[in-house]
Amino acid sequence: MAINRKTSSSLKVGILTITALVILMFTVLWIKGRSLSAGERIEVIFHDVNGIRPGSGVQMMGLRIGQIEDITPVIQGKDSHVKVRFVITEKDVEIPHASTISIQQSGLIGEQFLEVMPPKTNYLYMETQRNSTNIKPEQEIYMVLSDKLQKIGYVDTANVIPTDSTPLEFRTTFKTDNTLKIGYVLDMPGLILDKDDIVAFIKGGKLVFELKNGTKPEAPVVNSPYTIIEPMRISDFLDLQYKAAHSLTSMNERVMDILSDDLVTDIRESVSNINDLTQKAATTIDKAIALIDSSKDELDNILSQTTILTKKLSDLTDNINQVIGNEQNQQDILHTIKSVGRLADNTNKIMEDPNTVQMLSDLGEISRNLADISCYIDEFAKDENMKKDIKESVSNVNKLIKEVNENLSKVNSANDEEKLSINNAVSDAIITTKNLKKFSEKLNKRFLLFRLMF
């Protein structure tokens, strides 16, 4: 019995010792950040871990999924870096390709942890005149990186929406009624783009992203399937704040130098003048409104008359269109144009005819001869009746010349049926002109004899 009791006591002590050792081992592993989990182990590289330690948690979208096992510095001069290895302790959790891994801190003095963020859908808004788009989900997205067209992601959604349903910043700038909304996912590790600096084009049947400023970024050089974001130390943050404050101070000093007392006074006077002008403009508008109200009946009458005039013009236009559109009217118009053309040709022939030219020359000579005769009669004849008869003859000849000129000027308005009568009249005029010429020559001879006698 004593032996059995002694064995039982040793067994209890052994079990207690083993249990304590196991607890101690787990405690040490937990303190060092190591885990006995058989989950996936991932190693990433940072250039600065900002004081994070083994044992720190790993979170995905705010949920703890593992912890950091080991942090190892690698000193290689300018290529020095830190290897961070962590383990996924949650079951059925996998880190997607191109996920973003960064070091975060819960609050200003809270513990640090490793944050894993899967690729998310960003949205691109573009003006469009169309009501639909040919861009399809899962369509690949390309971008020129390092002077080479490379795949950077894929389309998640693409549709055309009313511009009124877009965010306010686009509603105030877009001029079209429709907007193309593209939901996209970037799955190239290391590529970080600002969604506000991206524009999209269709080139060669491919959806291509470009930066608004036209620059072509370099392709990221990474040895990991994830996008690593380096942490920012508080000192770096404060340094940036100091630089920003210094720049703001310099800007304020320059503004104060520009805004001298004289300039401030001028600005105040300008503002006062603008206020006065605004008041006068308001008064003018009130008067204009009152004038419009008092002239409402006249304006209504004018609008009514304008509407009637518009209707009549519309009816006139319709009638003209009907006249022009009628085939018979078109043929008549063409026939008239051709007839006028032929008449013009015939008239030109008449005017160019040598007989016509000779006739005009004879008429001019007759006029000159009659003028000479009139002078001779005024000088030598004493008989008033004779002078009167000669003057009447000259006047009649001048009227004849005037009528001939008027008839010639009206030839262009004659029609084809009057052509024959015009030719006959010209022929008669030529004969008459020749007879008058002979008469004037005889008359000149007689008056020459008369002058010799006296």
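This section describes two open sheets and the surroundings of one loop residue in a predicted model.

One of the open sheets is built from seven strands in the order 1-4-3-2-6-5-13, and its pairing is mixed. Strand 1 and strand 13 (227-229) form its edges, each of them pairing on one side only, and from one strand to the next the twist averages 30°. Strand 1 runs antiparallel to strand 4 (residues 81-88), to which it is joined by six bridges; within this pairing, Val44 has Val84 of strand 4 as its bridge partner.

The loop that connects strand 1 (41-46) with strand 2 (57-60) contains Val49. With a relative accessible area of 12%, Val49 falls under the 20% limit and is therefore buried. When residues up to four places away in sequence are not counted, the contacts of Val49 are Val82, Val84, Ile103, Gln112 and Pro231. Among these, Ile103 lies 54 residues from Val49 along the chain, while the C-alpha atoms of the two are separated by 7.2 Å.

A further open sheet comprises six strands, arranged in the order 7-10-9-8-12-11 and likewise described by mixed pairing. Its edges are occupied by strand 7 (122-128) and strand 11 (198-203), and because each has a single partner strand, one side of each is left without a neighbour in the sheet. The twist in this sheet averages 40° from one strand to the next. At one edge, strand 7 pairs with strand 10 (residues 178-186) in the antiparallel sense over seven bridges, and Leu124 finds its bridge partner in Ile182 of strand 10.

Definitions and conventions. Residues numbered from 1 in each chain as written. Predicted model: local features only at pLDDT ≥ 70, side-chain atom pairs only at ≥ 80, totals over all residues. Heavy atoms only, no water. Helix = DSSP H or I, 4+ residues; strand = E, 2+ residues; numbered from the N terminus. Buried < 20%, exposed > 50% of the residue type's maximum accessible area, 1.4 Å probe, protein only. Contact = heavy atoms within 4.5 Å. Pairing = 2+ DSSP bridges. Axes fitted to C-alpha atoms, helices over the stretch in contact; angles between N-to-C directions.
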